[in-house]
Amino acid sequence: MSGALLEVENLAKHYEVKRGLLFGRHVGSVRAVDGVSFSLGHGETLALVGESGCGKSTTARLVLRLIEPTAGTVRFEGTDITQMRGEPLRKLRRRMQIVFQDPFASLNPRMTVGDILEEPLLVHGIGDKASRRARVNQLLGLVGLAAYHVQRYPHEFSGGQRQRIGIARALAVEPALVVCDEPVSALDVSIQAQVVNLLKDLQARLGLSYLFIAHDLAVVKHMADRVAVMYLGRIVEVAGKDALFANPRHPYTRTLLSAIPRPDPHRDTARQIPGGDVPSPMNPPPGCHFHTRCPFADERCKAEVPALRVLEGGHQVACHHAEALPAAPAAEGAAAMSPVAARRLELYASRRGRAVAEAG
Amino acid sequence: MTSLLEIEGLRTVFRTHGGEVAAVDGVSLAVARGRTLGIVGESGCGKSMLSLSVMRLVPQPGTVAAGRVLLEGKDLLKLSDAEMRQVRGRRIAMIFQEPMTSLNPVFTIGSQIVEAMRAHDKSATHADLRKRAIAALDRVRIPAAERRLDEYPHQMSGGMRQRVMIAMALACSPDVLIADEPTTALDVTVQAQILDLLRDLQGQTGMAIILITHDLGVVAEMADEVAVMYAGRVVEKAATSAIFDDPQHPYTLGLLGSIPRVEETRERLLAIEGAVPPPFQLPKGCRFHPRCVFATGACQVDMPPLRMVAEGHEAACINAPVEAMVAA
Ligand SMILES: Nc1ncnc2c1ncn2[C@@H]1O[C@H](COP(=O)(O)OP(=O)(O)O)[C@@H](O)[C@H]1O
Ligand SMILES: Nc1ncnc2c1ncn2[C@@H]1O[C@H](COP(=O)(O)OP(=O)(O)O)[C@@H](O)[C@H]1O
Ligand code: SF4
Ligand code: SF4
Ligand SMILES: [Mg+2]
Ligand SMILES: [Mg+2]
């Protein structure tokens, strides 16, 4: 058995698309996930990044075995789980949990927070009434909510607090793997920061492994150990976080990076703006899927699918011309900030550190 | 520079059984022709209520209780409903975060644009309007505009729908465009395209833009001036470069510290603990004090007014700049 907690190989999910209600005519298939491989170590965070429709959520559902793959394997703790049924599958569900983007949609509005957090314990037959209640209280503390919140309903909470409830629910059964499907995408920047910090603290305390899905590489910079970039059902680049941000090798990764609005008004806004939308996965461009939007595309790119191959330092990339591309525009070193602003943020940080220490 | 649109002491209230609560509480702002004013703040700070107040579209049971909204010196709050309808669309237009809610799902894009244009031009023929609709879609860089006219909103991506909304908003060449979180629900790539489009259209038309967002990155790229809103009030106001180079209010500092930065090596984000209080639970004194790491006893007594902290730069904090307070 290898050291990885999760190993995904050639995973695929194709949806058949039919038109007409009763005797649907087959009109094509959506290759939502189209041969994806990656691994995730114990206590590690792997980020899965890409625009909407690239197959991130479908990959998450496949990993959690909420849907059946068209092809490929998912090994969890060394065992292929794609064929698992019955009691072993039920046991597996305790080991892997999910946190969704929209916590409100995933919480039952008629249940109190106490009931919401107790439910997974009941489902898995864990503990008695008293120990479950104690566990619920412990969970609330873990995610920074108060004991009196037990009696409240989801609508009484802000977006950030609801996401804390979603996280507490995922942690109730002590999973090893938590799949976070865009957990901060719908939140304000200030609340995003709270939740990102919370997820990192919980990982340090509980040794969790995260598959962290996002469409924003800036958030990923603060969360991930390694990053996999997805485009139209395929992984186009995988690397350690530092390598990926210092030297993005795939043109799509560069596009995602350059699109992030930088909080620096003195920065030259003349930058490469990606053209067009993500093409339909029902009719993806031949060859390299990205060639319709890629500034470096040539004839070969339109005809030949680039394989994911390993470059120096274990950096993987699926681009015919990765070696020949001009150097990526240098990431501007330390965050560009005036000395005055930097000093005030330092003061803020030290005050905040003191406040957190006093509370804890 | 004279202002095109000036908001003075605007106060928008909701009458509830618990009494009157103010979602916007004494806001004064101005924007000049060809300029972009960014309004930032977390959800629930009153940004949308402020823009709806300017449009006189505050939903029941809300009303604008005080203040003036001057468009070239003329108070929009004093206009008759019929006069205000002429202002909406022609002089001031608005786009929202989720275009799907403002587009009718059962009509094609083309028929909706044509209807919107007909409302302001009753004499044009259908063929004329259709031609103008195609031109409008071309202008917002929608490829194959003529074919797109016959599509339904759900057949389009979020980015394309937002382009349609921009095309409709700009159809009558308004002087002011209010964009309420126009890119919040979009991918960063599509966001970059839409922001670039807005910048170009502003260059062509000289319209003023009021851009509402919770993302200071978007503000840095787009705005000339910035107003930071907290709990219904403007707490800091300055030129964009001053907000980033010389941030004065602790809330602004918290927002700046929360931004995930690609260039940052430190992993932990600063964050602001807690949440924006709703208008019926406002704390006494400075409304930010329960969340403020610099709060002192005096902060809980009186609400600090905006005061000049530098030329053209105002902040509503008794302890700003914070290094002076720490040194003292
Ligand atoms: N049940 C389904 N039937 C048909 N197509 C689907 C289904 N689920 C997802 N898809 C399609 O698969 C693609 C990938 O979707 P998804 O995994 O949700 O992407 P992401 O999470 O990256 O936005 C999309 O084009 C989506 O429309
Ligand atoms: N119908 C209403 N009755 C009472 N309060 C309302 C109503 N609509 C909005 N509010 C309150 O007004 C405040 C400002 O809301 P809004 O302008 O939408 O904020 P933002 O756009 O900054 O997120 C919020 O606290 C909201 O709860
Ligand atoms: S293979 Fe060609 S089209 Fe694809 S990313 Fe590389 S250069 Fe661009
Ligand atoms: S007045 Fe006091 S509580 Fe308000 S922002 Fe300034 S220091 Fe913080
Ligand atoms: Mg998704
Ligand atoms: Mg709003």
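This is a short tour of a predicted model, taking in a sheet, two cores, two ligand sites and a few single residues.

Let's start with chain A and its open sheet. Four strands build this sheet, in the order 2-1-4-5, and the pairing is antiparallel. Look at the edges. Strand 2, residues 25-41, and strand 5, residues 79-80, each have a single partner strand, so one side of each is left without a neighbour in the sheet. Helix 1 of chain A, residues 56-63, packs on the sheet. This helix touches strand 1, strand 2 and strand 4, and its direction makes about 120 degrees with that of strand 1.

Now the pair formed by strand 1 and strand 4 of chain A. Strand 1 covers residues 4-19, and strand 4 covers residues 71-76. They run antiparallel, joined by five bridges. One pairing to find on screen: A:Ala12 has A:Ala71, in strand 4, as its bridge partner.

Next, the cores. Which residues have the most contacts inside the largest nonpolar core? They are A:Leu177, A:Leu217 and A:Val227, in a core of 94 residues. Helix 6 of chain A, residues 189-206, supplies the largest share of this core, with seven residues. Another core lies apart from it. That one has 69 residues, including B:Val54, B:Val235, B:Leu256 and B:Cys292.

Stay with A:Leu217 for a moment. Leave aside its neighbours within four places in sequence. A:Leu217 is then in contact with A:Val49, A:Val227, A:Leu244, A:Phe245, A:Thr253, A:Leu256, A:Leu257 and A:Ile260.

On to the ligands. Ligand 3 sits among residues of chain A. Around ligand 3 we find, among others, A:Cys288, A:Cys294, A:Cys301 and A:Cys319. The histidines there are A:His250, A:His291, A:His320 and A:His321. By class, the shell of ligand 3 has seven nonpolar residues, four polar and no charged.

Ligand 4 has 13 residues around it. The closest are B:Cys286, B:Cys292, B:Cys299, B:Cys317 and B:Asn319. Ten residues of that shell are nonpolar, three are polar and none is charged.

Two single residues now. Is A:Ala324 buried or exposed? Its relative accessibility is 64%, so A:Ala324 counts as exposed. A:Ala324 lies in the loop between strand 12, residues 316-317, and helix 11, residues 339-359, of chain A. A:Arg249 is 75 residues away along the chain, and the two C-alpha atoms are separated by 10.0 Å.

B:Val114 belongs to helix 4 of chain B, residues 109-120. B:Val114 is buried, because its relative accessible area is 3%. Beyond residues up to four places away in sequence, B:Val114 touches B:His126, B:Leu129, B:Arg130 and B:Ala133. The C-alpha atoms of B:Val114 and B:Arg132 are 8.3 Å apart, with their positions 18 residues apart along the chain.

Last stop: strand 9 of chain B, residues 225-230. This strand is mostly covered, with five of its six residues buried. Strand 9 pairs with strand 3, residues 36-40, in the parallel sense over four bridges. There, B:Gly38 stands opposite B:Val226. Strand 9 also runs antiparallel to strand 10, residues 233-239, and six bridges join those two. B:Glu225 stands opposite B:Ala239 in strand 10. Strands 9 and 10 form a hairpin with two residues between them. In that turn, B:Ala231 has a positive phi of about 45 degrees.

Note on methods
Residues are numbered from 1 along each chain as its sequence is written. Chains are lettered from A and ligands numbered from 1 in the order in which they are written. This is a predicted model: local features need pLDDT of at least 70, side-chain atom pairs count only at pLDDT 80 or more; totals for chains, interfaces and linings use all residues. Side-chain values use heavy atoms; hydrogens and water are left out. Two strands pair if DSSP finds at least two bridges between them. Contact means heavy atoms within 4.5 Å. Axes are lines fitted to C-alpha atoms, for helices over the stretch in contact, and angles run from 0 to 180 degrees between N-to-C directions. A residue is near a molecule or strand if one of its heavy atoms lies within 4 Å of it. Ala, Val, Leu, Ile, Met, Phe, Trp, Tyr, Cys and Pro count as nonpolar, Asp, Glu, Lys and Arg as charged, and the others, Gly among them, as polar. A nonpolar core is a set of buried Ala, Val, Leu, Ile, Met, Phe, Trp, Tyr and Cys residues joined through side-chain atoms within 4.5 Å. Buried means under 20% relative accessible area, exposed over 50%, partly exposed in between (1.4 Å probe, protein chains only).
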